[in-house]
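Thanks, everyone. I have one structure to go through, and I will keep it short.

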Amino acid sequence: MPEGPSVRKFQLLTSPFVGQVVAKVGGSSRKINVNDLNALRLQDSQVHGKNLYLAFVAAEGPLGPTAEETVLQREAASGASSPAQGGREQVCVPQAHHQDEELQELQHSRSEPPDAAEGPGNWLRFHFGLFGSIRANEFSRANKANKRGDWKDPIPRLVLHFESGGFLVFYNCRMHWCSSPRADPASDILSVEFHRGRALDALRVPEPICYTLLDQRYFSGLGNIIKNEILYLAKIHPLTRGSALALSDLEHLLDCAIQFSSAWLHSKLHGKGLHPQIYQKEQCPLGHAVMKGTLGPSGGFKRLTWWCPQCQPAVLSVDGDPSPVTE
């Protein structure tokens, strides 16, 4: 599924339509009645981790504060500065693992806890699949034939046409209504309110570090690509237990997470592609053979993981046992 930087980009695409009224709707979604959106005004657009939230109100109703005004109010109250901006693009990696990744993402998204205020409301939550995206004022076109040799354009789940003449198109996403976003800015790695202290406490637990990094309670928006890349950048084996690492190593890993995520977002905003160093690679940048394993807690969600045994050597845990390796 798209990770935090991608969903931030999606939110920026929706922002120019805030305040506009929906004139016509379309799409293949069966989870919601798309016709319910007719004649509603898009009141707000917010992103929290990997989820996008759009608020709709009756066209004659008050607009209320926009997402930008809300952020400015928060910054004024906290004295925080705005985060580094980032960009949009496709990840430049081989396609061989996409089916496995898509299946794992679907299993993971089904296991996510529901919004605390899930149910009838004026907020529409979007959770995107592996190839999920948003287009503004254009439709996605097929760039290759499918397995049957047909050149069929992707079918949008939702299309919103606005009175201004512009439109938004949503692909490969699940939607449901809720009364308010489920959000904790302190856990969002791209938020100005991200809480480093709480994140460091989470990383110190005696669990393999690659499990903790994907825990959205502490690292909202951090996904499998970011996990693999930052562990390589920090030279940490994915199965190293957090309790076996020095505080300076954990600080460096956290710096890598924030810097990589911000740089990825910056690349997206400038239309540049991401060129991973370890994710879905057979060799690391130094030419060493890369190992691949499906790693995750026993009985829990497991993800494909790539690491270089030479650049990211196994580390002894506190009790002297080496970190396990799965291939």
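I will take a hairpin, then a loop residue, then a helix. Bear in mind that this is a predicted model.

Start with strands S5 and S6. They run antiparallel and are joined by four bridges. One pairing to look at is Leu-158 with its bridge partner Phe-170 in S6. The two strands form a hairpin, with four residues between them. In that turn, Gly-165 has a positive phi of about 105 degrees. As for S6 itself, residues 167-178, 10 of its 12 residues are buried, so the strand is largely enclosed by the rest of the structure.

Next, Asn-137. This residue lies in the loop that runs from strand S4, 118-136, to strand S5, 158-162. Is Asn-137 buried or exposed? Neither label fits: Asn-137 is partly exposed, at a relative accessible area of 45%. Leaving out residues up to four places away in sequence, Asn-137 touches Phe-17, Gly-166 and Phe-167. Its C-alpha atom is also 9.8 Å from that of Leu-13, although 124 residues separate the two along the chain.

Last, helix H7, residues 247-269. With 23 residues at 1.5 Å a residue, H7 should span 33 Å, and the end C-alpha atoms are 33 Å apart, so the two agree. Its buried residues include Leu-250, Leu-253, Leu-254, Ala-257, Phe-260, Trp-264 and Leu-265. On spacing, residues three or four places apart in an α-helix point the same way, because there are 3.6 residues a turn. What do the buried residues of H7 pack against? They pack against helices H1, H4, H5 and H6. After H7 comes Gly-271, with a positive phi near 70 degrees.

How values were computed:
Residues numbered from 1 in each chain as written. Predicted model: local features only at pLDDT ≥ 70, side-chain atom pairs only at ≥ 80, totals over all residues. Heavy atoms only, no water. Buried < 20%, exposed > 50% of the residue type's maximum accessible area, 1.4 Å probe, protein only. Contact = heavy atoms within 4.5 Å. Expected span 1.5 Å × (residues − 1). Pairing = 2+ DSSP bridges.
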